[in-house]
Amino acid sequence: MCGIFGFLSNTPQSRDTAAAEISSGLDIIRHRGPDGRSQWVSPDGQVGLGHVRLSIIDIETGAQPMHSESGRYTIIFNGEIYNYIELREELGGRASFRTASDTEVIIRAFERWGIDCVTRLRGMFAFAIWDAQDKKLFLARDRFGIKPLYWAKTRKGLYFASEMKALKPFLDGARVSKAALSDYFTFQFCLGEKTLLDGVFQMPAAHHAVLAPGQGLQPQRYWEVHYDIDYQHDEKWFTERLRELMADSVNVHMRADVEVGSYVSGGVDSSLIAAMAREVRPEGRFQAFNGRFTDSADFDESHYARALTDAQGMQLHVADITERDFVDNISKVIWHLDQPVAGPGSFPQYMVSKLVKSHVKVVLGGQGGDEIFGGYARYLVAYFEQCIKGAIEGTLHNGNYVVTYESIIPNLETLRQYKPMIKEFWASGVFEERDRRYWRLVNRANTFAGALSADVIDGESTFREFGQIFWGSNVGKESYFDSMTHFDFKTLLPALLQVEDRMSMAHGVESRVPFLDHPLIEFAATVPADVKFRNGELKRLLKTVFSDKLPPAIRDRKDKMGFPVPLTLWLRQGGAAAEFVKDTFSSRAARERSYLAGPVDMDQVLSGQSVYSRNLWALLSLELWHQQFID
């Protein structure tokens with residue numbers, strides 16, 4: 001796990017100038033690689049590649065930038081290739097390699113298979129390879145967007161980096177992207193290549209690009225998940241296959257030359273990953289990490305984590321997070337995020353990752369389980385409406401439904417804490433087309449209590465882009481469940497992975513996500529929705545198959561939390577957090593932001609949301625981001 005920075009200039013330049021630019025970019029992302037730093041500049045100064053290293057595999061000889069034996073290719077790489085041992089054997093065996101690193105495996109794979117090498121890589125990655133003979137740069141990002149890769153096209157040339165903040169000094173100016181801002185207030189993340197910083201783009205997941213000096217960057221997709229539903233096998237077969245694939249993924253994700261631990265939030269996903277990792281390393285110490293807020297028992301899931309770690313013989317470390325921690329660290333969180341995304345969960349994850357740093361270098365997480373196996377309560381809300389509609393219209397058994405309204409009712413207890421969302425969802429538009437109904441569940445733009453200016457949201461354009469993803473050609477039209485999970489897999493998941501990457505790397509910790517292994521994802525997409533979602537039970541298949549690995553307290557939970565932050569409670573108590581937020585919004589610049597209808601009325605915004613503070617968080621995060629990245 002590392003950080004990369006580089007450029008491809010339109011014309012030759014002084015090597016001293018090129019080296020200085022690389023050095024300045026690495027300065028900004030040095031937190032990603034506390035164990036080493038190096039850079040390389042081409043003889044004509046037209047290409048520069050820099051790398052900061054967090055040493056996980058081949059600690060002694062895996063330094064970068066790394067050159068091929070012929071000298072033709074030079075690579076900088078961020079991530080881990082989990083099947084590097086198998087690929088190394090295919091490429092000639094250990095004896096023919098100069099190092100034991102996965103980096104050398106990539107460059108040798110590129111020599112053998114060219115740009116198609118990415119289809120053979122199993123892991124998380126973002127890398128750049130310079131071809132000194134053909135004068136071309138190859139950029140690639142992993143299938144799911146676990147590892148970040150940003151670029152900016154300037155008058156001088158193309159710059160790219162692991163974090164967008166490293167590109168900011170090379171822009172012609174710092175401005176907010178209006179299109180990205182519309183996405184942000186709608187979803188709390190940006191769609192496609194957009195970022196909030198105008199002129200900076202992100203390489204989409206599962207894309208690569210080849211470019212020469214003076215050319216534009218045009219990413220091409222190299223992988224897609226297809227929902228080709230398998231109706232030939234029964235549930236017993238799916239169960240056995242899922243067990244095999246999960247065990248294999250966790251096993252290869254444990255490959256490291258340093259100690260590996262695990263997050264344990266108290267939910268199904270991280271608990272399952274930790275339990276399976278413990279099976280891979282049954283002897284000795286296994287360290288697990290949890291965070292809790294000390295202000296209220298409603299924001300403390302550590303007892304669930306303890307149930308798992310006690311049963312598995314793990315050592316549990318718990319970060320006690322306070323209101324003072326929020327005031328002292330929230331600006332750092334936004335800086336490391338690059339741009340605000342998703343909800344307030346990035347703050348506690350930052351604090352837990354700080355604790356992890358004191359104990360291990362590598363930690364496993366449960367990201368991806370909700371999007372793959374259906375863990376969000378809104379799936380149940382949307383499906384319940386469609387079941388009622390189908391029952392009324394007599395179309396309940398035409399293929400669009402995987403459960404009946406009678407069978408879904410016992411699982412509605414899961415929705416107890418989501419009453420504000422349900423109230424908003426049923427307020428209007430009942431029984432509209434499925435895309436518009438799911439749009440209503442994920443669209444947050446109309447919940448800001450009049451805080452936004454009238455023209456900041458381009459609803460028509462944003463909905464059109466939403467629809468292109470929701471009705472993707474790789475998703476069958478018969479399954480509402482697959483359409484919903486697919487949209488979240490393509491959009492929300494990359495946002496959550498951004499949080500996962502930045503909050504861990506802020507402390508020089510590598511976070512791995514075993515659910516996001518492409519053989520597992522390709523299999524999950526073929527599982528019929530009625531197997532994954534029978535009777536409306538969220539994550540039904542996952543919990544059924546692995547019930548033996550989870551303590552009943554976790555397996556039978558109905559109160560999914562997702563690491564909520566008691567921001568609303570702090571603000572209503574009028575303490576340090578309330579003072580900090582009021583001060584943040586009190587400056588003249590904050591009161592006159594173009595996207596606001598007027599100065600932020602904290603009480604008004606709070607009155608229109610649940611205790612989890614997502615809307616106020618969105619406004620606060622964006623203001624802090626403005627102060628650091630724009631002002």
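This section describes the sheets, a helix pair, a pocket and the cavities of a predicted model.

Strands of a sheet pair through backbone hydrogen bonds, either parallel or antiparallel. Both arrangements are represented here, with antiparallel pairing in an open sheet of six strands and parallel pairing in an open sheet of five strands. In the six-stranded sheet the strand order is β4-β5-β6-β7-β11-β12. The edges are formed by β4 (66-67) and β12 (220-221), each of which pairs on one side only. At the β12 edge, β11 (residues 207-211) runs antiparallel to β12 and is joined to this strand by two bridges, and histidine 208 is placed opposite glutamine 220 of β12. Helix α3 (residues 102-113) lies across four strands, namely β4, β5 (73-81), β6 (123-131) and β7 (136-141), and its direction makes an angle of about 125° with β5.

The five-stranded sheet has the order β15-β14-β13-β16-β17. Its edge strands, each paired on one side only, are β15 (315-321) and β17 (510-512). From one strand to the next, the twist averages 30°. Strand β16 (residues 362-364) runs parallel to β17, and three bridges connect the two; leucine 364 stands opposite arginine 512 in β17. At the β15 edge, helix α7 (residues 302-312) lies across β14 (287-293) and β15, running at about 170° to β15.

Two packed helices are described by the angle between their axes and the distance between the axes. For helix α9 (residues 346-357) and α17, the axes come within 8 Å and cross at roughly 35°, and the crossing is right-handed. The contact involves Ser346, Gln349, Tyr350 and Ser353 of α9, which meet Val499, Glu500, Met503 and Ser504 of α17. By class, three of the residues in this contact are nonpolar, four are polar and one is charged.

Helix α17 also takes part in the second largest pocket, where this helix provides the largest share of the lining, six residues. The space in this pocket amounts to about 640 Å³. The pocket is lined by 37 residues, of which Gly192, Pro204, Ala205, Lys490 and Pro494 are the closest to its centre. Two or more lining residues are given by each of α15 (459-470), α16 (480-490) and α17 (492-505). The composition of the lining is 18 nonpolar, 10 polar and nine charged residues.

Rolling a probe the size of a water molecule over the atoms shows where empty space is left. Three cavities of 30 Å³ or more are present in the structure. The second largest cavity holds about 80 Å³ of space, and its lining consists of Val225, Tyr227, Glu371, Ile372, Thr485, Phe489, Ile521, Ala524, Ala525 and Lys532. At least two of these residues come from each of α10 (369-373), α16 and α18 (518-524). Seven of the lining residues are nonpolar, one is polar and two are charged. Helix α16 thus contributes both to this cavity and to the second largest pocket.

How values were computed
Residues are numbered from 1 along each chain as its sequence is written. This is a predicted model: local features need pLDDT of at least 70, side-chain atom pairs count only at pLDDT 80 or more; totals for chains, interfaces and linings use all residues. Side-chain values use heavy atoms; hydrogens and water are left out. On a 1 Å grid over the protein atoms alone, a cavity is a set of points where a 1.4 Å probe fits but cannot get out, and a pocket is an open set with protein on both sides within 12 Å along at least five of seven lines; lining residues have an atom within 4 Å of a point. Grid points are joined across faces, edges and corners, and a volume is the space filled by probe spheres set on the points. Ala, Val, Leu, Ile, Met, Phe, Trp, Tyr, Cys and Pro count as nonpolar, Asp, Glu, Lys and Arg as charged, and the others, Gly among them, as polar. Axes are lines fitted to C-alpha atoms, for helices over the stretch in contact, and angles run from 0 to 180 degrees between N-to-C directions. A crossing is left-handed if the near helix is turned anticlockwise from the far one by less than a right angle, and right-handed if clockwise. Contact means heavy atoms within 4.5 Å. Two strands pair if DSSP finds at least two bridges between them.
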